[in-house]
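Subject: Structure handover and notes

Dear colleague,

I am passing on the structure below, together with my notes on what was found in it. Please read the notes with the structure open beside them.

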Amino acid sequence: MASTPSSSLLLTAATVLLLLLISHTQAQTAPAPSPAGPLNFTGLLDKNGQYSTFIRLLISTQVANQITNQLNSSTEGLTVFAPTDNAFDNLKAGTLNSLDTQQQVALVLYHVLPKYYTLASLLTVSNPVRTQATGQDGGTYGLNFTGSGNQVNVSTGIVETQINNALRQQFPLAVYQVDKVLLPYDLFGAKAPASASPPSKANSGSGSANETTIKPASSPDNSGAGSVLSNVGFMGLALGYLFMGTFL
């Protein structure tokens, strides 16, 4: 028996309803996308290579943990300048070993800005820009940025270098490669001249001896001359008596 138009409509409606029910069920059972995990800052550096010395300093000074915590809590983001291994190799021998633990922390924090900056925005900042090291030992620890177009230079007052490669430039973290270690003036700048040291005992003693024992060349020893004159007078008197005794 041929189907009537009404039965065909009912079949189509039932099919559509069934498909809607299946889609709804699948949507309910599909797993929700997992939230993005915390940024692995040191993992980012390690993936790009040639930053092993900087990674070692980040870990040994606990700055890596500090950066991770700030990225998960700050609304301003962070900007990091990552020196290459070659940049550390070009430092004067013993530079890092000459720093105590607190100074190493300041050096690493000097490479971190407490705000997210694109390369373009670094050309519009008001210099000097404070770093995360600001306040360490009462120092200012600022960086100066200059340049034009796509070229941005960073200066510490001791070294200046170009910001070359953006390892990451997405809020909340920007990471830029630098080919020189950013040496803060507060740690490596000219030191205040030391005050004049007091004269040593040896010098003061020799000066005193010169004043008391060395006599001026123009001052003869009168005691010796007096002794000679006294002897001459005695001999003259004796000869006088002898001469008188001869004629008497």
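The notes below go from the sheet to the core, and then to a few single residues.

This is a predicted model, in which local features need pLDDT of at least 70 and side-chain atom pairs count only at pLDDT 80 or more, while totals for chains, interfaces and linings use all residues. Residues are numbered from 1 along each chain as its sequence is written, and side-chain values use heavy atoms, with hydrogens and water left out.

The sheet

Seven strands (DSSP runs of E, at least two residues, numbered from the N terminus) make up an open sheet of mixed pairing, in the order β2-β1-β7-β6-β5-β4-β3. Its edges are β2 (112–113) and β3 (129–130), each with a single partner strand, so one side of each is left without a neighbour in the sheet. Helix α4 (residues 63–73; a helix is a DSSP run of H or I, at least four residues) packs on the sheet, where it touches β1 (78–83), β2 and β7 (173–178), and the direction of α4 makes about 150° with that of β1 (axes are lines fitted to C-alpha atoms, for helices over the stretch in contact, and angles run from 0 to 180 degrees between N-to-C directions).

Strands count as paired if DSSP finds at least two bridges between them. β1 and β7 run parallel and are joined by six bridges, with Tyr176 of β7 as the bridge partner of Phe81. β6 and β7 pair in the antiparallel sense over five bridges, Ala166 standing opposite Tyr176, and a hairpin of two residues joins these strands. Six of the six residues of β7 are buried (under 20% relative accessible area, with exposed over 50% and partly exposed in between, for a 1.4 Å probe and protein chains only), so β7 is largely enclosed by the rest of the structure. Leu173, Val175 and Gln177 point one way from β7, whereas Ala174, Tyr176 and Val178 point the other way.

Core and aromatic residues

The largest nonpolar core (buried Ala, Val, Leu, Ile, Met, Phe, Trp, Tyr and Cys residues joined through side-chain atoms within 4.5 Å) has 53 residues, and Phe81, Phe145 and Ile163 are among those with the most contacts inside it. Phe145 touches (heavy atoms within 4.5 Å) residues including Phe81, Leu122, Asn153 and Ile163, and Phe81, Phe145 and Tyr176 form one aromatic cluster.

Four aromatic pairs (ring centres of Phe, Tyr or Trp, the last by its six-membered ring, within 6.5 Å; planes under 30 degrees apart are stacked, over 60 edge-to-face and the rest tilted) are found in the whole structure. In one of them, Tyr116 and Phe171 have ring centres 5.5 Å apart and planes at 80°, so the pair is edge-to-face. Tyr116 lies in the loop between β2 and α7 (119–122) and Phe171 in the loop between β6 and β7, so the pair ties together parts 55 residues apart in sequence. Tyr116 is buried at 17% relative accessible area, whereas Phe171, at 46%, is partly exposed.

Two polar residues

Asn153, in strand β5 (residues 151–155), counts as buried at 16% relative accessibility. Leaving out residues up to four places away in sequence, Asn153 touches Asn144, Phe145, Thr146, Glu160, Thr161 and Gln162. β5 runs antiparallel to β6 (residues 160–170) and is joined to it by three bridges.

Thr61, in the loop between α3 (52–60) and α4, is also buried, at 10% relative accessibility. A polar atom of the Thr61 side chain lies 2.6 Å from the backbone oxygen of Leu57.

With best regards

Notes
Polar contact = N/O pair within 3.5 Å; in protein donor to acceptor, adjacent residues only side chain to side chain.
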